[in-house]
Amino acid sequence: MTFNINKQQILKRMKKIAVIGSGTMGNGIAHTFAQSGFQVSLIDISEKALEKAVATIEKNLDRQLKKERITQEIKDATLSNIATHTFLSEGVKGAELVVEAATENLDLKLKIFQELDSACDENTILASNTSSISITKIASVTNRADKVIGMHFMNPVPVMKLVEIIRGYTTSDEVTNTIMKMSKILGKSPVEVNDYPGFVANRILMPMINEAIISLHEGVAGVTEIDTVMKLGMAHPMGPLQLADFIGLDVCLSIMNVLYDGFGNSKYAPCPLLVNMVTAGKLGVKSGEGFYSWSHGTKELIVAEGFSK
Ligand SMILES: NC(=O)c1ccc[n+]([C@@H]2O[C@H](COP(=O)([O-])OP(=O)(O)OC[C@H]3O[C@@H](n4cnc5c(N)ncnc54)[C@H](O)[C@@H]3O)[C@@H](O)[C@H]2O)c1
């Protein structure tokens, strides 16, 4: 059955959006909804994370203003559309849509969704920005499995066009349709996919990154050579090893494990070098070193000492 919900109906029905988690993704999601005119309630357990998120949003709005992509009025209106909360039940009050972007941890997400299910109005749609956790599993701990959906934004959210919309096994047509349209209202290009490990984005991206690490591990080529082949040969804006450093090697490992466990296929086994680097705390940009050294910032590419010839 097709549900023809139009933009006006969505704008009439949805005015307040709650975003759970104010880290890298949460602040970008809050920024994007607020700039599109929605009242946003940004929720985090950490007061410090909330302060940092608002400062980041302000900095990003200033950058847009400087490039003349927005006006001072839009900047002011965007900021005034955002309220912050440390208590979930208080923050989600009156929200018609909740987008969860808390830390990627299964038990944590299940706990948050159980709490959301009891705190939110029965018609509220509950979306998760998870990179890899099953939407069907998250939906199963709620009493509204038809209203739980994946809304996988890309980083940085205000810039990246794609939203991967993950339809859980029980997500309704109506909810899928509403979230597809809502993504368009935000100026994004949504793509609907079904709920299988890694969805589409990470099912394809992560094995490529893992294969690049295997190539390095086996001595096929060095860090610069592998990244150069993919940049110049495949027109990728950055090589897979640099991208892994940006994403975080711990995140890459955890997604490979989701693929490996989910499919039970050895082709998804994480490279032992990736496992070793994560165990050693070499996580990429966030720890200052991965395949490259980032202690001097992210502008210049310097191969990490252990990988330089
Ligand atoms: N970073 C990326 O590039 C990226 C891209 C797409 C999707 N994702 C997904 O987005 C989600 C968030 O990732 P991130 O990179 O923004 O993480 P992050 O670590 O930057 O931020 C997570 C935030 O969640 C908060 N948090 C933890 N428990 C909470 C709770 N119970 N209630 C409210 N807030 C809580 C933390 O305090 C933190 O501020 C994850 O599911 C991740 O897989 C990340």
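This passage describes the ligand site, one helix pair and two backbone features of a predicted model.

The ligand is surrounded by 21 residues, among which Met25, Asp44, Glu104, Lys109 and Ser131 come nearest. Sorted by class, this shell comprises nine nonpolar, nine polar and three charged residues. Three elements of secondary structure, namely helix H2 (24–35), helix H6 (106–119) and strand S6 (148–153), each contribute at least two residues to the shell. The greatest contribution is that of H6, which provides three residues.

Polar contacts to oxygen atoms of the ligand arise from both backbone and side-chain atoms of the protein. On the backbone side, a polar atom of Thr24 is found 3.0 Å from an oxygen atom of the ligand. Among the side chains, an N or O atom of Asp44 is placed 2.7 Å from a ligand oxygen atom, and a polar atom of Asn129 is 2.9 Å from an oxygen atom of the ligand. The ligand taken alone exposes 840 Å², of which 78% is buried by the protein. Asp44 thus appears in two descriptions of the site, being listed with the residues that come nearest to the ligand and supplying a side-chain atom at 2.7 Å from a ligand oxygen atom.

Attention now turns to the packing of two helices. In general, such a pair is described by the angle between the helix axes and by the distance between them. For helix H10 (residues 223–234) and helix H11 (residues 240–247), the axes come within 7 Å and cross at roughly 100°. Because angles of 65 to 115 degrees count as roughly perpendicular, H10 and H11 are roughly perpendicular to each other. The contact is formed by Val223, Ile226, Asp227, Met230 and Lys231 of H10, which meet Pro240, Leu241 and Gln242 of H11. By class, the residues of this contact divide into five nonpolar, one polar and two charged.

Two features of the backbone geometry remain to be described. Most peptide bonds are trans, and most residues other than glycine have a negative phi. The peptide bond that joins Asn155 and Pro156, however, is cis, with omega at about 0°. Pro156 is located in the loop between S6 and strand S7 (162–167); S6 is also one of the elements that supply at least two residues to the shell around the ligand. The second feature concerns Glu68, a residue other than glycine whose phi is positive, near 60°. Glu68 is situated in the loop that lies between helix H3 (47–66) and helix H4 (72–80).

Notes
Residues numbered from 1 in each chain as written. Predicted model: local features only at pLDDT ≥ 70, side-chain atom pairs only at ≥ 80, totals over all residues. Heavy atoms only, no water. Near = heavy atom within 4 Å. Polar contact = N/O pair within 3.5 Å; in protein donor to acceptor, adjacent residues only side chain to side chain. Areas by Shrake-Rupley, 256 points an atom, 1.4 Å probe, with all protein chains shown as cover. Helix = DSSP H or I, 4+ residues; strand = E, 2+ residues; numbered from the N terminus. Nonpolar A, V, L, I, M, F, W, Y, C, P; charged D, E, K, R; others polar. Axes fitted to C-alpha atoms, helices over the stretch in contact; angles between N-to-C directions. Parallel < 35°, antiparallel > 145°, perpendicular 65-115°, else oblique. Contact = heavy atoms within 4.5 Å.
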